[in-house]
Amino acid sequence: MQYRGGAERTSARRRTRASAPIAAIASVLLTITLGVQPAVAAPADYPSWADVQAAKRDEATAKAKLDSLNKAIVAAQAEVDRTQAEAQKAGEEYAAAEEAYDAQVLVVAKLQEQRAAAQAEADEAKRQSTQLINNLAKQGGTDLTAGLFSDSGDADGYLYRIGTMQKVTERNGAVYARALQLQNTAKSLAEQEQVAQDKLAELKAEAEAKFQVAQEAAAAAATKLAEHEEAKAKAQALVAYLTDRREVTEADYLEGIRQQWGSGAAGEVSASGWARPAAGYISSSFGWRYHPIYHVWKGHSGVDLAGQGCGAPIYAAHAGRVTYAGWYSDLGNYITIDHGDGTSSGYGHIMPGGIGVHVGQQVGPGQLIAKVGTTGGSTGCHLHFIIRVNGDLTDPVPFMRQRGITLG
């Protein structure tokens, strides 16, 4: 249904225009993010109930998307925490490996100094030994026995020289041997430490690789979290817009109903287009009951709304066509409205002369149709309210509750 607007319509349109900047963005987001096209009534028209339902669906879809994003953010945050913990652990391993490596470098450097000193000592011993050999050669070679028999000098002096030379040779030999031993030891240690150093370098490289992987994982998780947060912000803006649009659409829809049916429409019409049929408390519920007049167990076809007294207004529960308006046995003066969607509503015990509509008349939700009475099988002023779905009776209380109306 499409109807022209009034003062309240202008107010609703003003709220719509106030949200125009975000509406343009949200319209695009609605299409891209949710995969649906926004359903907006033409500016000069009142929205139909289908428009209201479409706005509700869009809002519900956006809220579901937001809920999904919130769950994804929780999971992403957990992944960020986990990967950051791994990165910290890898950083500690990396620091420990580097510290051990640095310490080993100092050990190797010290061994290199010791090896250089031993080499210097060995070189000096070699030099002394070479000098000794040269001195012996100048005195006739190293054959001491031949020198003894050919020497015409003092034998004791010669023997002394020989003994001295032997001692020097022995001393230099020991120094030389020690130098060689130190040199070989230093070389062996250096080789061993080089192997250890290479191993530490491998460990360091492995730790660095782990650290790099952990850092990349942490960065990727943080990026994913940021993307989810950004998407959440957009979804929140979209939900806010769609909620506002749904509220405006509902308000405009109800305004359209009031414009169609005039000031006789009751103020309490839900966004679903259903209205409270009468005020008051529930004096008798739907279902089997002990009848207060006939004193037998009998099915109660509807719900009784009492407490407002005879003459209180009765409103149409929903838009439709009046199919019955007259006397109806125990229900007294009675009205039936066919709502055209498989549902119908009934209104019983209307006061004499209180029926305000006729058969075939179109009525709107909340339109004044009758006045409360106590005609028929009644013990007091009240409205007997009936709902049928595809011809079958149903409890009006939960039925109306599902449509935004609370009875009683």
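Good morning. I begin with helix H3, where Arg82 and Glu79 both lie, 3 residues apart, about one turn of the helix. Please keep in mind that this is a predicted model. Arg82 and Glu79 form a salt bridge, and their closest N and O atoms are 2.6 Å apart. As to exposure, Arg82 counts as partly exposed, with 39% relative accessibility. Glu79 is also partly exposed, at a relative accessible area of 33%.

How many salt bridges does the structure hold? The total is 7, and I shall discuss two others in turn.

In helix H5, Lys234 forms a salt bridge with Glu230, with 3.8 Å between the closest N and O atoms. These two residues are separated by about one helical turn, because they are 4 residues apart in that helix. Lys234 is partly exposed at 43% relative accessibility, and Glu230 is partly exposed with a relative accessible area of 48%. A network of salt bridges that share partners is found elsewhere: Glu59, Lys63 and Arg246 are joined in it.

Let us look at one pair within that network. Glu59 forms a salt bridge with Arg246, and the closest N and O atoms are 2.7 Å apart. Which parts of the chain does this pair link? Glu59 belongs to helix H3, residues 49–138, while Arg246 belongs to helix H5, residues 155–261; the pair is 187 residues apart and links distant parts of the chain. Are its members buried or exposed? Glu59 has a relative accessible area of 5%, under the 20% limit, and is therefore buried. Arg246, at 16%, is buried as well.

I turn now to the nonpolar cores. The largest nonpolar core has 26 residues, of which Ile335, Tyr347, Ile369 and Phe385 touch the most other members. Which elements give two or more residues to this core? They are strand E4 (303–306), strand E7 (333–338), strand E8 (343–355), strand E10 (368–372), strand E11 (382–389) and helix H6 (396–401). Another core lies apart from this one; it has 8 residues, among them Ala62, Val239, Tyr241 and Leu242.

To close, consider Phe385, one of the residues that touch the most other members of the largest core. What is Phe385 in contact with, once its neighbours within four places in sequence are left aside? The partners include Pro277, Gly302, Val303 and Ala317, together with Ser345, Gly346 and Tyr347. Pro396, Met400 and Leu407 are also in contact with Phe385. Thank you for your attention.

Key. Residues numbered from 1 in each chain as written. Predicted model: local features only at pLDDT ≥ 70, side-chain atom pairs only at ≥ 80, totals over all residues. Heavy atoms only, no water. Core = buried A, V, L, I, M, F, W, Y, C linked by side-chain atoms within 4.5 Å. Buried < 20%, exposed > 50% of the residue type's maximum accessible area, 1.4 Å probe, protein only. Contact = heavy atoms within 4.5 Å. Salt bridge = Lys/Arg side-chain N within 4 Å of Asp/Glu carboxyl O.
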